Structure formats: structure tokens, C-alpha cells
Amino acid sequence: MRSFYRDLPELGTAHEAIRFYTQAAENHWEKASLYGKATTGILMYRIGKKNVSDAILSWFRKTATTSREMGMYWANNRRNTDFFVSPVDVHSMIMAFFREASPQQAETDAMKQWLLNQKRTQQWDSPLSTMNAIYSLLATGSDWLNENNRITIHWGEHLLDTSQGEIATGYMKESVPGSNINRQMGTLQIHKDGVTPAWGAVYNQYFESIQHIEKQTGALQVEKNYLSRPIAGQKNNYRLLPENDPSE
């Protein structure tokens, strides 16, 4: 925090305390948490200890995991007992360190991708995490809100255009009744502009009467049972019977 205000004088014994803790951070950064390493890296860069900040940057790059789907992230960035710092907050702080000490667009874009994936598959934990994530998305890397990041989809006679979707995100949803599905809709043509990652899906949903559902195995397992009328003389006690049980 003190590094944000280096233009203000260090009053009283503050200078001695600042020097002591700054030296401790420099000497023991390898023992710090991911969050601690990132904040120490920012401090070292601001006070001119570039050799230390470069060493911390090198450590982050060596320990990072990068994938086409998830982007760039740190696999050991998990929630611990610290209530106020979530994995999203930690990731955002690492991004802040990279943004200040070594802003490389390819890296920061990959780290932004991980943040979006957290929102897509889970959540951003809290209002503070959401604020940190949004700031990181807006302040680092390329401009993902640019209007050039547009997707058009030709689906049969339907034309879907994300420029007509939700403001900023482009999110949109199209539902087609079964009676309107035709052979031409078996193929989708997708055109994407820009470098922003995007996600989409097509679902075929249908309904069936319960009496026609049979036991299934595989990725989705379905087993059917019937709930009979209450057992005589036993209040709130029911008996499960298989289909076509003669006792029913």
C-alpha cells in the first residue's frame, strides 16, 4: 500500500519500518503465497528492484498452466482459509503484477480467458471478486468489448448476429419449436471476427411421457420406479414398486 504513495514523506519511525518489511519481502518472497508473490513483485518493481521482480515473473511463468480452453492459470490457486481472498482475487492480483512489470498481450489475454471461464462455469464468488475480475478484464490485454468481436451464425433460414445480442457481452439465445425444425438446420455456418474467445452450444431438447421411459445406461442413467399408495395402517409410509407389479 505504501508503494502507491511514494511521493508522500515517511514520517517518524515509518522509514525504518518500511525498510525492514521491504527487505523481509525481498528475502523471503519464495515462501509467500501466490497472492504474496504477486504483491511482492509489484513492490519490487516500483522500488527499482527489477532483478527481484524479474525473478518472481520467471517463477510465475514456469509454474503456470496454459491450455486452449482454460487459458493461462495456476493450478494450485485454490480457496483456502482466507475468507477475503478467493482464487479470482489471487488471479486478478497476478494479472496486476504482469500488467505493471511485463505487459505482454498474449499472456494477459490468456489470463483473462481463465477469468471468463470461472464466470462461465462457476461464479466470481463475491462482489469484491467480481469488481477485481471486471477491472482485470478491462485494464489488461486487448480490447474484448470492441465491436469487431462479432459472430454471425447461419442456421437454416435463421441469421444470428451477436451485435444484436446483450450489450458488451453479445449474449443471445434462440429457441426453435420442434415443428419448425427442418433438414437445413442440421448444419450451422459460423463466422467470427476479432480475437475475443467465445462460447456457444446447440441443444436438442425433447419431452417424453413417463410411461415410455425405459431404463438407460451410459453417461446418463435413468431408472424408473412408481410410488404406490400409502401402506394401510402406516401413516406417511409409502412403498416403491416396479412397473406392472401385480400387487398394485
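Helices and strands here are runs assigned by DSSP, of at least four residues for a helix and at least two for a strand, and they are numbered from the N terminus. Read in that way along the sequence, the chain follows the pattern α-α-α-β-β-α-α-α-β-β-β-β-β. That gives six helices and seven strands in the chain. The model is a predicted one.

**The chain as a whole**

The chain has 248 residues, and 29% of them count as buried. Among the contacts in the chain with a separation of 6 or more, 53% are between residues 24 or more positions apart.

**The sheet**

Three strands form an open sheet in the order β4-β3-β5, with antiparallel pairing. The edge strands are β4, residues 158-161, and β5, residues 188-192, and each of them pairs on one side only. From one strand to the next the twist averages 10 degrees.

Strand β3 covers residues 151-155 and is joined to β5 by five bridges. To β4, β3 is joined by four bridges. The table gives some of the residue pairs that link β3 to these two strands.

| Residue in β3 | Opposite residue | Strand of the opposite residue |
|---|---|---|
| isoleucine 153 | isoleucine 190 | β5 |
| histidine 154 | leucine 159 | β4 |
| tryptophan 155 | leucine 188 | β5 |

In a regular strand, side chains alternate between the two faces of the sheet. As for exposure to the surroundings, β3 is mostly covered, since four of its five residues are buried. β3 and β4 form a hairpin with two residues between the strands, and glycine 156 in this hairpin takes a positive phi near 60 degrees.

**Two loop residues**

Aspartate 125 also has a positive phi, near 65 degrees, and this residue is not a glycine. Aspartate 125 is placed in the loop between α5, residues 105-121, and α6. Is aspartate 125 buried or partly exposed? Its relative accessible area is 35%. Buried means under 20% and exposed means over 50%, with partly exposed in between, so aspartate 125 is partly exposed.

Threonine 196 lies in another loop, the one between β5 and β6, where β6 is residues 226-227. The relative accessible area of threonine 196 is 12%, and therefore this residue counts as buried. Which residues does threonine 196 touch, not counting residues up to four places away in sequence? They are Asp143, Trp144 and Asn149. With asparagine 149 there is also a polar contact between the two side chains, at 2.7 Å.

**A pocket**

Rolling a probe the size of a water molecule over the atoms shows where empty space is left. The second largest pocket has a volume of about 950 Å³. Its lining is made up of 35 residues, and those nearest its centre are Met1, Ser3, Phe4, Leu43 and Arg46.

Which helices each supply at least two residues of the lining of this pocket? They are α1 (14-27), α2 (34-46), α4 (87-101) and α6 (127-139). The largest share of the lining comes from α1, with seven residues.

Notes: Residues numbered from 1 in each chain as written. Predicted model: local features only at pLDDT ≥ 70, side-chain atom pairs only at ≥ 80, totals over all residues. Heavy atoms only, no water. Pairing = 2+ DSSP bridges. Axes fitted to C-alpha atoms, helices over the stretch in contact; angles between N-to-C directions. Buried < 20%, exposed > 50% of the residue type's maximum accessible area, 1.4 Å probe, protein only. Polar contact = N/O pair within 3.5 Å; in protein donor to acceptor, adjacent residues only side chain to side chain. Contact = heavy atoms within 4.5 Å. 1 Å grid on protein atoms, 1.4 Å probe; cavity = no way out; pocket = protein on both sides within 12 Å on 5 of 7 lines; lining within 4 Å. Points joined across faces, edges and corners; volume = space filled by probe spheres on them.
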